Amino acid sequence: MLRPLPSPRPEGGLSLPEARRLALRAQGLYGADRRPRRAAEALRLLGALQLDTISVLARSHELVCAARCGPLAPGAVAAACWGTGPDGRAVAFEYWAHAASVVPVERWPWWAFRRRRMRTRERWWHETTPEVTALVRDRLAAEGPLTATDLGGAKLGGTWWDWSPVKASLERLLAYGDVVCTTRRGWKRVYDLPERALPDAVLAADEPDDATCVRLLVADAGRRLGVATTADLADYYRIGTTEVAGLVADAGLAPVTVEGWTAPAWADPDALAALGRRGRHRTTLLSPFDSLVWDRARTARLLGYEHRLEAYTPAPKRVHGYYTMPVLAGGRIVGRVDPGRAGSTLVAKRVGVLHPDAVESIAAALWEAAAWVGADAVDVGLVDPPELRGLLVGALDQSTGGLTEPA
């Protein structure tokens, strides 16, 4: 079993391994008391699940939940993101949090500051008219939840981003909070009016002023990150660094220093209190859009891993693969895998082994991923360094009995 490397704690601050443990625990990747067992728990633990159109083994938000919970039953993540509660109203909504994300519905009031600011935005990527916007709103009011296709089409006929005026109007109304997306058909957003889709208690809640919203979100980001610099806190929910710096002292976070970090940091007091509590590290593949590795500079500083997504890099220029997934084990990023499917086989098209003692952990992560996506075999392509390929194949053969059925 891979163990985290020990390091002495510097006087008056946190050692880097302690900072890593705080961060991993905050993200539900260390310690039984923090690990979510259901997708809905994962969403609330993380505060937001980033959405992305790319689907390899699964879509990114599904991979993020599986990384915390282990194999999940089909439809479990969709129910957590786009299902309804006992009142028939939404349990979550889509909004621009870190990026396009699913957010727990009770956080709707906290995002009032961004909805207000969107109304004053002067420049948009896509053009529409007040007449189209009014028509879209009127049809939603009269006809109920609709997709952009239902309303006339999302595209003008060009590239994927070549939005029609209807789609542009819908997205502006979504940004303003005049419409919401709380469910999808296939991968299409379904737009509705907030008063129909959101719970009454959420709609009745007072909307805080901008400073209060930001302070609440900074405090929340601190809990999701465990320990963070001001820039880290700002990146989690994409709030301006200067604005965060002016409010962080009132967010209930504790000032700390971290070994090797040049900037001052802030930690969640509850996480600091639990620092001596031992737990078990998750061994898992991470989505390239996992909130643990959202911020590349933080990922390098905290985990010693240079994170990059090459899906949008021309194939001849890719170094690690189209959809490279970091492998987490023992509190470290120990490898990277570019996965794919061939029938009932999970194919590790390219595997990078960053620590020679991590081969068994990479094999375990591959088998868990195979179990979740319904594959009954794992095949290995290129391995870097190539001399470890035989060890990885042998570890995969020995660990096949560890397959776990989805919960």
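**Exercise 1. A proline and an arginine in loops**

In which loop is Pro385 found? Work out its place, then look at the peptide bond before Pro385 and at the backbone of Arg238.

*Solution.* Keep in mind throughout that this is a predicted model.
- Step 1: Pro385 sits in the loop between strand S13 (377-384) and helix H16 (389-398).
- Step 2: The peptide bond that joins Asp384 and Pro385 is cis, with omega about 0°.
- Step 3: Turn to Arg238, in the loop between helix H11 (230-236) and helix H12 (241-247). Its phi is near 55°, a positive value in a residue other than glycine.
- Step 4: For background, most residues other than glycine have a negative phi, and most peptide bonds are trans.
- Step 5: Check the surroundings of Arg238: a relative accessible area of 45% makes this residue partly exposed.

**Exercise 2. Two faces of H6**

Take helix H6 (residues 130-143), check its length, and sort its residues by burial.

*Solution.*
- Step 1: H6 has 14 residues, and the distance from its first C-alpha to its last is 20 Å, close to the 20 Å expected at 1.5 Å a residue.
- Step 2: Thr133, Val136 and Leu140 of H6 are buried. Looking down the helix axis, the buried residues of H6 fall within an arc of 60°, so they line one face.
- Step 3: Pro130, Glu131, Leu135 and Ala142 are exposed on the other side of H6.
- Step 4: Now find the partners. The buried residues of H6 pack against helix H7 (165-176), strand S5 (188-192) and helix H8 (194-197).
- Step 5: Just after H6 comes Gly144, with a positive phi of about 95°.

**Exercise 3. Is H7 mostly covered or mostly open?**

Test the span of H7, then count its buried residues and list what they pack against.

*Solution.*
- Step 1: The 12 residues of H7 should span 16 Å at 1.5 Å a residue, and the end C-alpha atoms are indeed 16 Å apart.
- Step 2: H7 is mostly covered, with 11 of its 12 residues buried. Charged side chains are on the list too: Lys167, Glu171 and Arg172 are among the buried residues.
- Step 3: The buried residues of H7 pack against strand S2 (92-96), helix H5 (112-119), H6, strand S4 (180-185) and S5.
- Step 4: Gly177 follows H7 and has a positive phi, near 90°.

**Exercise 4. The nonpolar cores**

Which two residues touch the most other members of the largest nonpolar core?

*Solution.*
- Step 1: The core has 108 residues, and Trp111 and Leu233 touch the most other members. Helix H15 (residues 359-373) gives the most to this core, 10 residues.
- Step 2: Leaving out residues up to four places away in sequence, Leu233 touches Val218, Ala221, Gly222, Leu225, Ala228, Val244, Val248, Leu253 and Trp266.
- Step 3: A second, separate core has 24 residues, including Leu14, Val227, Val258 and Leu303.

**Exercise 5. The largest cavity**

How many cavities of 30 Å³ or more does the structure hold, and which residues line the largest cavity?

*Solution.*
- Step 1: There are 3 such cavities, and the largest cavity holds about 120 Å³ of space.
- Step 2: Its lining includes Leu57, Leu63, Thr284, Met325, Glu368 and Trp372.
- Step 3: Helix H3 (60-69), strand S9 (284-285) and H15 are the elements that give two or more residues to this lining. H15 supplies the largest share, 5 residues.
- Step 4: Put this beside Exercise 4, where H15 gives the most residues to the largest nonpolar core.

Terms used: Residues are numbered from 1 along each chain as its sequence is written. This is a predicted model: local features need pLDDT of at least 70, side-chain atom pairs count only at pLDDT 80 or more; totals for chains, interfaces and linings use all residues. Side-chain values use heavy atoms; hydrogens and water are left out. A nonpolar core is a set of buried Ala, Val, Leu, Ile, Met, Phe, Trp, Tyr and Cys residues joined through side-chain atoms within 4.5 Å. Buried means under 20% relative accessible area, exposed over 50%, partly exposed in between (1.4 Å probe, protein chains only). Helices (H or I, at least four residues) and strands (E, at least two) are DSSP runs, numbered from the N terminus. Contact means heavy atoms within 4.5 Å. The expected span of a helix is 1.5 Å times one less than its number of residues. The arc is that of the directions from the helix axis to the C-beta atoms. On a 1 Å grid over the protein atoms alone, a cavity is a set of points where a 1.4 Å probe fits but cannot get out, and a pocket is an open set with protein on both sides within 12 Å along at least five of seven lines; lining residues have an atom within 4 Å of a point. Grid points are joined across faces, edges and corners, and a volume is the space filled by probe spheres set on the points.
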